[in-house]
Amino acid sequence: NITSKMKPLLPLFARFLGYGVIALGLFMPFLLYMFGMVNDHNLLLYKECSKLLMMFGALMILFAIRKNECAEMLALRNKAARNAMFFTVFFVFGTMLYRVYQGNLMNVDSSSFLTFLLVNVICQEYLIKKAEVDAAFKR
């Protein structure tokens with residue numbers, strides 16, 4: 001039953017708020033650096049807080065209801081999640097190969113979940129816009 005999967009949990013405005021939270025998480029480190037608030041002691045804290053903000057923003061986008069939500073939208077959400085898993089595995093595998101090629105033993109990738117969420121948002125937006133264009137041209 002398609003209606004029991006990936007149901008939206010948040011109201012419509014949460015999608016736009018999610019984009020704002022992602023933008024805040026993206027630009028916050030630069031703004032804090034410009035105001036001289038970043039130093040060696042708190043750099044890791046700001047980096048992790050920025051990642052956390054972007055994760056929350058992506059989750060808000062993924063779980064927000066859209067206008068004209070229907071069973072087709074739920075199917076597109078599931079398809080976007082599947083595509084995001086596929087692309088994230090390739091991305092993480094590629095970065096692992098790159099670290100092996102460099103001989104880098106010290107760095108560990110801790111942002112693969114964030115990568116998955118952002119790729120999922122991109123896939124979902126693409127598939128939904130594609131479905132809207134297809135419906136407009138009656139393919």
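**Exercise 1. The largest pocket**

Find how much space lies in the largest pocket of this predicted model, and work out what lines it.

*Solution.*
Step 1: Start with the volume. The largest pocket holds about 200 Å³ of space.

Step 2: Now go round the wall. The residues lining the largest pocket are Leu12, Arg15, Phe16, Arg66, Lys67, Asn68, Met73, Ile128, Lys129 and Glu132.

Step 3: Match those residues to elements. Two or more lining residues come from each of helix 1 (13-34) and helix 4 (112-137). Helix 4 is the top contributor, with three residues.

Step 4: Sort the lining by class. You get five charged, four nonpolar and one polar residue.

**Exercise 2. The overall build**

Which helices and strands does the protein have, and is it spread out or a compact globule?

*Solution.*
Step 1: Count the elements. There are four helices and zero strands, so reading along the sequence gives you α-α-α-α.

Step 2: Check the radius of gyration. It comes to 18 Å for the protein, while the globule rule gives 14 Å for 139 residues. Because 18 Å is well over 14 Å, the protein is more spread out than a compact globule.

Step 3: Get a feel for the dimensions. Along the principal axes, the C-alpha atoms fill a box of roughly 55 × 35 × 30 Å.

Step 4: Look at burial and contacts. Of the 139 residues, 33% are buried. Among contacts with a separation of 6 or more, 83% are between residues 24 or more positions apart.

**Exercise 3. Two cysteines**

Decide whether Cys49 and Cys123 are buried, partly exposed or exposed, and say how many disulfides the model has.

*Solution.*
Step 1: Recall the cut-offs: under 20% relative accessible area is buried, over 50% is exposed, and in between is partly exposed.

Step 2: Take Cys49. Its relative accessibility is 33%, so Cys49 is partly exposed.

Step 3: Take Cys123. Its relative accessible area is 10%, so Cys123 is buried.

Step 4: Now for disulfides. A disulfide is a covalent bond joining the sulfur atoms of two cysteines. To be counted here, the two sulfur atoms must lie within 2.5 Å. The count by this rule is zero.

**Exercise 4. Placing Gly94**

Where is Gly94, how accessible is it, and how far is it from Leu26?

*Solution.*
Step 1: Find the element. Gly94 sits in helix 3, which covers residues 71-102.

Step 2: Check accessibility. Gly94 has 35% relative accessibility, so it counts as partly exposed.

Step 3: Compare sequence with space. Gly94 and Leu26 are 68 residues apart in sequence, and their C-alpha atoms are 23 Å apart.

Methods: Residues are numbered from 1 along each chain as its sequence is written. This is a predicted model: local features need pLDDT of at least 70, side-chain atom pairs count only at pLDDT 80 or more; totals for chains, interfaces and linings use all residues. Side-chain values use heavy atoms; hydrogens and water are left out. On a 1 Å grid over the protein atoms alone, a cavity is a set of points where a 1.4 Å probe fits but cannot get out, and a pocket is an open set with protein on both sides within 12 Å along at least five of seven lines; lining residues have an atom within 4 Å of a point. Grid points are joined across faces, edges and corners, and a volume is the space filled by probe spheres set on the points. Ala, Val, Leu, Ile, Met, Phe, Trp, Tyr, Cys and Pro count as nonpolar, Asp, Glu, Lys and Arg as charged, and the others, Gly among them, as polar. Buried means under 20% relative accessible area, exposed over 50%, partly exposed in between (1.4 Å probe, protein chains only). The radius of gyration is taken over C-alpha atoms; the globule rule is 2.2 Å times the number of residues to the power 0.38. Contact means heavy atoms within 4.5 Å.
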